[in-house]
Amino acid sequence: MTPNIKPDLNKFYNNGICTDDDGNIYVADVSNHRVQRWTPGTDTVITIAGGNGHGSGPDQFTYPSGIHVDSNGNLYVADTGNHRIQKWLPGTTEGVTVAGGNWQGPDANQLNCPNDIHVESDGSIFICDKHNNRIQMWTPGATEGVTVAGGNGWGSNSDQLSHPNGIFISGDNIYVSDWGNDRIQIFVPGSTHGRRVI
């Protein structure tokens, strides 16, 4: 059941946050199903994506979480409840699905509650596919993702994850917040097994 929460510009149930090259702050306002942007040095906050109630339309989100803004100002949003990643070009009022969007499931063209993303300079998207216990990579224009970490069922072995909820890429190394196992895992290039770093 969706919480009966009235959108309020002064109240945020936030999850994801990022900044752009100009220092603007973007917040995934989860329960208001929108992304908000603050301008530095002002009290100005505007809705730049979503804000049309929860739903699966191209101008809607259902509990957005992880977000990323690239150097061209494109906004990427992990639309968790719709099991998809949306890309919003600057100034547009609708997003385009660039990963998932085939309802929830474990297949290569599906996601299940994605909750964080990392976007590389070439447009490749690394996705915390939470309930599939894996990290997926989608290249630009792809219709399927590739598993780059986890994907071997829920568990605590070195090749498994348990409800991952955060991701960061440094060089070619993949760092994963492995929430259910209370650990941070690093997956180095070419390895199917992670190593605990925290």
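## Two pockets

The second largest pocket has a volume of about 190 Å³. This is a predicted model, and its pockets make a good place to start looking around. Lining the second largest pocket are N15, V30, Y63, S65, T80, G81, C113, N115 and N165. Sorted by class, that lining holds three nonpolar and six polar residues, with no charged ones.

The largest pocket contains about 260 Å³ of space. It is lined by 18 residues, and those closest to its centre are D70, Y76, V119, E120 and G123. Here the lining is made up of seven nonpolar, eight polar and three charged residues.

## Strand β7 and its neighbours

Y76, one of the residues closest to the centre of the largest pocket, also leads us to a group of strands. Its bridge partner in β7 is K87. Strand β6, residues 75-79, pairs with β7 in the antiparallel sense, over five bridges. The hairpin of β6 and β7 has four residues between the strands, and in this hairpin H83 takes a positive phi near 55 degrees.

On to the next pairing: β7 and strand β8, residues 96-100, are also antiparallel, with four bridges between them. R84 has G100 as its bridge partner in β8. How enclosed is strand β7 by the rest of the structure? Four of its five residues, 84-88, are buried, so the strand is largely enclosed.

## Rings and a charge

W88 in strand β7 takes part in an aromatic pair with F61, which sits in the loop between β4 (45-50) and β5 (64-69). The count of aromatic pairs comes to one. The ring centres of F61 and W88 are 5.6 Å apart and the planes meet at 45 degrees, so the pair is tilted. The two residues are 27 apart, and their pair links distant parts of the chain. F61 and W88 are both buried.

Another ring has a charge for company: K130 lies over the face of W179, at 5.7 Å from the ring centre.

## An exposed glycine

Finally, take a look at G41, in the loop between β3 (34-38) and β4. Is G41 buried or exposed? Its relative accessibility is 89%, and exposed means over 50%, so G41 counts as exposed.

V30, which helps line the second largest pocket, makes a handy reference point for G41. The two are 11 residues apart along the chain, and their C-alpha atoms are separated by 24 Å.

Note on methods
Residues are numbered from 1 along each chain as its sequence is written. This is a predicted model: local features need pLDDT of at least 70, side-chain atom pairs count only at pLDDT 80 or more; totals for chains, interfaces and linings use all residues. Side-chain values use heavy atoms; hydrogens and water are left out. Buried means under 20% relative accessible area, exposed over 50%, partly exposed in between (1.4 Å probe, protein chains only). Two strands pair if DSSP finds at least two bridges between them. Rings of Phe, Tyr and Trp (its six-membered ring) pair if their centres lie within 6.5 Å; planes under 30 degrees apart count as stacked, over 60 as edge-to-face and the rest as tilted. A charge sits over a ring if NZ of Lys or CZ of Arg is within 6 Å of the ring centre and within 35 degrees of the ring normal. On a 1 Å grid over the protein atoms alone, a cavity is a set of points where a 1.4 Å probe fits but cannot get out, and a pocket is an open set with protein on both sides within 12 Å along at least five of seven lines; lining residues have an atom within 4 Å of a point. Grid points are joined across faces, edges and corners, and a volume is the space filled by probe spheres set on the points. Ala, Val, Leu, Ile, Met, Phe, Trp, Tyr, Cys and Pro count as nonpolar, Asp, Glu, Lys and Arg as charged, and the others, Gly among them, as polar.
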